[in-house]
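Hi,

Here is the structure I promised to pass on to you. Have a look at it first, and then read on for what turned up in it.

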Amino acid sequence: MSTTTTTERTDLPGADELRQRAERAAQACGLDLSAHAGDAAGRSPLTGSVVSSLAWSSAADVEAAVGRAHAAFPAFRDTPAPVRGNLVKRLGELLTQHKADLGELVSIEAGKITSEALGEVQEMIDICDYAVGLSRQLFGRTMTSERPGHRLMETWHPLGVVGVISAFNFPVAVWSWNTAVALVCGDPVVWKPSEQTPLCALAANALLQRALAESDLSPDLAHVVLGAGEVGQALVDDPRVALLSATGSTRMGREVGPRVAARFGRVLLELGGNNAAIVGPSADLDLTTRGIVFAAAGTAGQRCTTMRRVIAHRDVVDDVVERVGAAYRKLPVGNPLVEGTLVGPLVSKAAFEGFEAAIEQAKEAGGEVIAGGARVDVGGADAYYVEPTVIRMPQQSQVVCTETFAPILYVLDYADLDEAIALNNGVPQGLSSSIFTQDQAEAERFVAASGSDCGIVNVNIGTSGAEIGGAFGGEKETGGGRESGSDAWRAYMRRATNTINYSGELPLAQGVTFDV
Ligand code: UN1
C-alpha cells in the first residue's frame, strides 16, 4: 500500500527544471559554476536526474590545496581570535541571507524535506553565533604551583590545517560545525564533501569565500576538494593536515583512524549510530509516539542520530506498536520540495537495497512487519522512495545490531530497567539514546554512569535533532569524537602548559636536588 496522499507529492520537477533550480540556488550563493565545470555527473535522489557536471579534484589538487592552506596558517594564527570571530559572524550573516538558496540545494542533492533542509542551514547559523562568542572565550586555566614564586598556566594555540570529510546526510551543517569552530581557533580548513552533494559544498564555500574577501583575509583559508577515494586519501595522509575530522561509516573510520594515527595526526571521528529509545511503563505515550516518529522516520531514517530501536516495557509495548504503526501508515512520502511531505527519498539504489535486505533478514530472525516495508512509486525508476517501516522483533538479533541507513525501526520489549539498559548498550555503536518516562528515578538511572553508554543521552525527547550548544558525538564504534558546542573546540587547538618562575630561585619539582 502506497502512503503517498497527494498528487503534488508524486509530481516531481522534470530533469531540466530540477537542474535549473539547483544552478540558480548555487549561483545565488555566489558560485561561479563555469569555474568548476567538468564531467562528473551529480544526481538528485529526488528523481535520479543529473543536476550538476563538475570537475573532480586529483590527489595533486588536494596536495596543492593543503599547501596553500598551510601557507596561509601563520598569518591567520597571529590574527586575534575575536577578529577571526568577525569573519565567522559575517559567514553567519551570509548564511542567514541565503538560507532558502542553500536549503533548496540541500533538498535537491540530499533529498531532505524543505523544513529539515532549512533546519540544517539554521544549524549552520547557530554554530556561527556560537563560534563568534567562543572567539572571546578560548580560555586556559591557571593552576597553583607546588613551588614558591611559580605559577602554572595553560595556553591554547591554533593547531594548523583542519581536514574535513563529511557525509551526504548533513551535507553542509557538519562542515559548518567544524569550520566555524576551526576558524575562530585559527585553523584553515580543507573540505572533502560527499560525492553526492558537491553543489551544496561549493555554494557554502562560496559564501565563506565572500566573507573572507570582505574581511580582508586570505582565500586560502578555505578549500573544497571534490571526489571520492583518492581525494579523501590524499587528505588523510597529508602530514600538514593537523586534525582530520571525518563523518561517515564505521568502515570508513576504521580505515582513516589508524592512517592518521600512523603519522601522529589528530583525528576526530563521527561514525555510525544505532540509537535506541527505552519506553518506560509511566511514559506519556502521545509525546513518546511523536518523539519516536520524528526520530525514526524523519530524514527518511538517514541521520546518524536516527532512532533505529525502541525498547518498550512489556506493559506498554503493544500500545506503542499500535500508535507508532498507525502514525507510520499516515506519513506522507514523496516530493520533499512540497509542503506537507514528511519523508523524502533514500539517497541511492544501494541504500534501497540495504533497506530491502535488512527487512528480509529481520523477517528471517522472526520479525513481524507492523507498518511499511515497501518501495513507493514516486520519482521514476531511478528514485528510491520507501515506506518507513516498523518491525516487531523477538530479540536483538544481528540485523538489529547493524546500522542500516534507512527508515527501519525495530521494536523490542523488556521486563525490568536493567534489561532495557543492557539492550540499549548491547550494540557496537554508541552515539545517541533516550528514555521516555515520567519516573524520575528511571530517568536518573539512565543518565547515570551505569546507564546508557552513549555520547548523547536524552530524557523525554528522541535521539535525533541535537542542538549545537552541546558536544556532539559518541562512543565505541561511533568513534569517540566530539564536535560542535561545549568544549569541543579544544580538539581544534593545541595546549601548552607553561610554568612561570618569578621567585629568583630555582627550586626543582618533586623536591629533587641537583646542585651545580
Ligand atoms: C548527523 O546525522 O550526522 O542531532 C548529524 C541531529 C543533528 C545532527 C545530525 N543536529 O540529528
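Where does Pro13 lie? In this predicted model, Pro13 sits in the loop between helix 1 (7–10) and helix 2 (15–28). With a relative accessibility of 8%, Pro13 counts as buried, because the cut-off for buried is under 20%. Leaving out residues up to four places away in sequence, Pro13 touches Leu18, Arg21, Thr47, Asn335 and Leu337.

Next, have a look at the loop between strand 19 and strand 20 (471–472), where you will find Thr463. Thr463 is also classed as buried, at 1% relative accessibility. A polar atom of the Thr463 side chain lies 2.7 Å from the backbone oxygen of Thr305. The backbone nitrogen of Met307 is 3.3 Å from a polar atom of that Thr463 side chain. Beyond its neighbours within four places in sequence, Thr463 has contacts that include Asn275, Ala295, Ser433 and Asn458.

Finally, there is a sheet to trace. It is open and made of seven strands, in the order 12-15-16-11-10-18-19, with mixed pairing. Strand 12 (368–371) and strand 19 (456–459) are at the edges; each has a single partner strand, so one side of each has no neighbour in the sheet. On average, neighbouring strands of this sheet are turned by 25° against each other, direction ignored. Within the sheet, strand 15 (residues 389–392) and strand 16 (residues 408–414) run parallel and are joined by four bridges. To find this pair on your screen, look for Ile391, which stands opposite Tyr410 in strand 16.

Enjoy exploring!

Technical notes. Residues are numbered from 1 along each chain as its sequence is written. This is a predicted model: local features need pLDDT of at least 70, side-chain atom pairs count only at pLDDT 80 or more; totals for chains, interfaces and linings use all residues. Side-chain values use heavy atoms; hydrogens and water are left out. Two strands pair if DSSP finds at least two bridges between them. Helices (H or I, at least four residues) and strands (E, at least two) are DSSP runs, numbered from the N terminus. Axes are lines fitted to C-alpha atoms, for helices over the stretch in contact, and angles run from 0 to 180 degrees between N-to-C directions. Buried means under 20% relative accessible area, exposed over 50%, partly exposed in between (1.4 Å probe, protein chains only). Contact means heavy atoms within 4.5 Å. A polar contact is a pair of N or O atoms within 3.5 Å; within protein, one must be able to donate a hydrogen and the other to accept it, and residues adjacent in sequence count only if both atoms are side-chain atoms.
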